[in-house]
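Colleague: Before I take anything from this model to the bench, could we go through what the labels rest on?

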Amino acid sequence: DLTGDAIDNYLGVEDYSYETKVKVFPNPATEFVTIDFGSYIDNAEIKINDISGKQILSKTISGNNIELDISTFSKGTYIVSVKTGNKTISKKIIKN
């Protein structure tokens, strides 16, 4: 028999709830973007890639949120990836 936790892990419910907790705002943005993790995370790897896949920024942080300066980025669409442990979520941001 599968317990509740095993069912959640099997169905990916836990991953889904983590992804919905992560908020990126404002979006679109011009100077700064905040990534709010919804709770404290330790040693998260943050990467921002442009739409062609070129890495623009990479840093490791711990905390509840981080504010990133994107003022020098060209206008366009970027993908923010947040990796914690074995989970990676991606969010799209638009730089105006």
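Modeller: We should begin with pLDDT, which is the predictor's confidence in each residue, from 0 to 100. The protein chain averages 84 on that scale, and 79% of the residues score at least 70. This is a predicted model, in which local features need pLDDT of at least 70 and side-chain atom pairs count only at pLDDT 80 or more, while totals for chains, interfaces and linings use all residues. Residues are numbered from 1 along each chain as its sequence is written, and side-chain values use heavy atoms, with hydrogens and water left out.

Colleague: Over which residues does pLDDT stay under 50?

Modeller: That holds for residues 1-16, for which the model has six contacts (heavy atoms within 4.5 Å) beyond four places in sequence. Where pLDDT is low, the predicted coordinates should not be read in detail.

Colleague: What makes Phe73 and Tyr78 a tilted pair?

Modeller: Rings of Phe, Tyr and Trp (its six-membered ring) pair if their centres lie within 6.5 Å, and planes under 30 degrees apart count as stacked, over 60 as edge-to-face and the rest as tilted. By this rule the count comes to one aromatic pair. The ring centres of Phe73 and Tyr78 are 5.2 Å apart and their planes stand at 45°, so the pair is tilted.

Colleague: Why is Glu45 called partly exposed?

Modeller: Buried means under 20% relative accessible area, exposed over 50%, and partly exposed in between (1.4 Å probe, protein chains only). Glu45 has 27% relative accessibility and therefore counts as partly exposed, whereas Phe73 and Tyr78 are buried.
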